[in-house]
Amino acid sequence: MSVLGKRLDEARKRKGLSQERLGVLAGIDEMSAGARVNQYIKSKHAPDSGTVERLAAVLEVPVPYLYADDDQMAELLLVFHALDPEARNNLLETLSKR
């Protein structure tokens with residue numbers, strides 16, 4: 001399983017979505033949605049950039065999360081993504097002072 005496949009599957013499970021439902025919500029044809037998402041997860045096929053963006057939007061994760069090969073970086077991306085803009089700016093200011 002690729003990093004993308006691993007992250008897709010983790011995020012899908014966190015959202016409580018089936019592979020088919022994720023695919024349908026991301027705009028994949030209903031007849032092939034489950035199979036296509038399964039192929040992305042199992043790394044048999046790679047989604048194009050537009051599909052990745054739609055999958056990330058449905059899963060409410062930033063696109064870079066889906067490509068993060070380090071688990072701590074992936075978690076950091078999720079935490080940062082969940083912050084409001086002011087909290088993001090405050091965090092960045094605090095970190096840049098170090």
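Which residue forms a salt bridge with Lys15? Keep that question in mind as you open this predicted model, and begin by selecting Lys15 together with Glu60, since these two are the partners, with their closest N and O atoms 2.6 Å apart. The pair links distant parts of the chain, for Lys15 sits in helix H1 while Glu60 lies in the loop between helix H4 (49-59) and helix H5 (63-67), 45 residues apart. If you switch on a surface display, bear in mind that Lys15 counts as partly exposed at 36% relative accessibility, whereas Glu60, at 52%, counts as exposed.

Next, stay with helix H1, which covers residues 3-15, and select Asp9 and Lys13. These two residues form a salt bridge whose closest N and O atoms are 3.2 Å apart, and both belong to helix H1, four residues apart, or about one turn of the helix. An α-helix has 3.6 residues a turn, so residues three or four places apart point the same way. Is each partner buried or exposed? Asp9 is buried, with a relative accessible area of 11%, while Lys13 is exposed, with a relative accessible area of 53%.

Now select Arg7 and Glu10, which form another salt bridge, the closest N and O atoms here being 3.0 Å apart. Both residues lie in helix H1 as well, three residues apart, which is again about one turn of the helix. Arg7 counts as buried because its relative accessibility is 3%, a value under the 20% limit, and Glu10 is partly exposed, with a relative accessible area of 26%.

Keep Arg7 and Glu10 selected and add Lys6 and Asp71, so that you can look at the four residues together, because what a salt bridge joins need not end with a single pair. Lys6, Arg7, Glu10 and Asp71 are linked in a network of salt bridges. A search of the whole structure finds six salt bridges, and the Lys15 and Glu60 pair from the opening of the tour is one of the salt bridges you have now visited.

Finally, move along the chain to helix H7 and select residues 85-96. This helix has 12 residues and reaches 16 Å from its first C-alpha to its last, close to the 16 Å expected at 1.5 Å a residue. To finish, add Asp84, which caps the N-terminal end of H7, and show its side chain, where an oxygen lies 3.0 Å from the backbone nitrogen of Glu86.

Conventions:
Residues numbered from 1 in each chain as written. Predicted model: local features only at pLDDT ≥ 70, side-chain atom pairs only at ≥ 80, totals over all residues. Heavy atoms only, no water. Salt bridge = Lys/Arg side-chain N within 4 Å of Asp/Glu carboxyl O. Helix = DSSP H or I, 4+ residues; strand = E, 2+ residues; numbered from the N terminus. Buried < 20%, exposed > 50% of the residue type's maximum accessible area, 1.4 Å probe, protein only. Expected span 1.5 Å × (residues − 1). Polar contact = N/O pair within 3.5 Å; in protein donor to acceptor, adjacent residues only side chain to side chain.
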